[in-house]
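Me: I am a first-year student, and I would like to go through a protein model step by step. Could we do it with short questions and answers?

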Amino acid sequence: ETSEVNHKFRWTRFTRSGQPAARCPTDWAASGVECKGHYCDEMRLLCQPVPSGTGSTRATPFFSEEHAGFHGCASNELITGIQCSGHYCDNIRFFCSDVDSSATAFCPTNATPSISEETAPLATLANSFLQTGRCTGHYCDNVSFRRCTVHVPGGTCLGNCGGPAGSSGSFCDSVCDRVGDCAPDVNLMCR
């Protein structure tokens, strides 16, 4: 079950130790995260559509604050789910989905600020997705992430519904079906 923030961003349910993973809908990926409870022991994801859609999904191994560095998805994968185990959700793992092979994920190495139950949720901009994460503090209490943007050949309808898909020559309007010049993600982003 998800709760809708607006038609292009949606929160998953909260998950905690022993519960199923909190997962984004098909062709969506995580762009933000929120936690609550003791030591951040309940977590949920803010999801948005991926301009290229997503492919196969895999689960990463669990990690905790004892494992230094960032953990998670490989290049051209995005976080689409989160699950935890152990006391106070001490061990975290991600579910990673492939970005469509026609698209490219650009992932700078700078990290987001850490979040915990004491901070506001981590939200992000359109077309900015979580790819890897790390945790510090007792029981993985402070979590930070690295983000990616997805570049789609032929332009994207993200932020362009009703008009051209950037300077690509493709469109995101109601006429593009008849003309045959729709951007690849028109259905996902605009309909």
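Some notes on the model come first, then questions on a serine, the cores, a sheet and the disulfides.

Reply: This is a predicted model, where local features need pLDDT of at least 70, side-chain atom pairs count only at pLDDT 80 or more, and totals for chains, interfaces and linings use all residues. Residues are numbered from 1 along each chain as its sequence is written, and side-chain values use heavy atoms, with hydrogens and water left out.

Me: Is S97 buried or exposed?

Reply: Buried means under 20% relative accessible area, exposed over 50%, and partly exposed in between (1.4 Å probe, protein chains only). S97 has 3% relative accessibility, so S97 is buried.

Me: With which side chain does the side chain of S97 make a polar contact?

Reply: A polar contact is a pair of N or O atoms within 3.5 Å; within protein, one must be able to donate a hydrogen and the other to accept it, and residues adjacent in sequence count only if both atoms are side-chain atoms. For S97 the distance is 2.6 Å, and the partner is T57.

Me: How many residues does the largest nonpolar core have?

Reply: A nonpolar core is a set of buried Ala, Val, Leu, Ile, Met, Phe, Trp, Tyr and Cys residues joined through side-chain atoms within 4.5 Å. L45, I79, I92, F94 and F145 have the most contacts inside the largest one, and its size is 24 residues.

Me: Which strands are the edge strands of the open sheet with the order β8-β12-β13-β11?

Reply: Strands (E, at least two residues) are DSSP runs, as are helices (H or I, at least four), all numbered from the N terminus. Two strands pair if DSSP finds at least two bridges between them. The four strands of this sheet pair antiparallel. Two of them pair on one side only: β8 and β11.

Me: How many disulfides are there?

Reply: A disulfide is a covalent bond between the sulfur atoms of two cysteines. Here the rule is a pair of cysteine sulfur atoms within 2.5 Å. C24 and C47 fit, with S to S at 2.1 Å. By this rule the count is nine.

Me: Why is the disulfide of C176 and C182 right-handed, and what is its torsion?

Reply: The sulfur atoms of C176 and C182 are 1.9 Å apart. The handedness comes from the torsion about the S-S bond. The disulfide is right-handed because this torsion is about 90 degrees.
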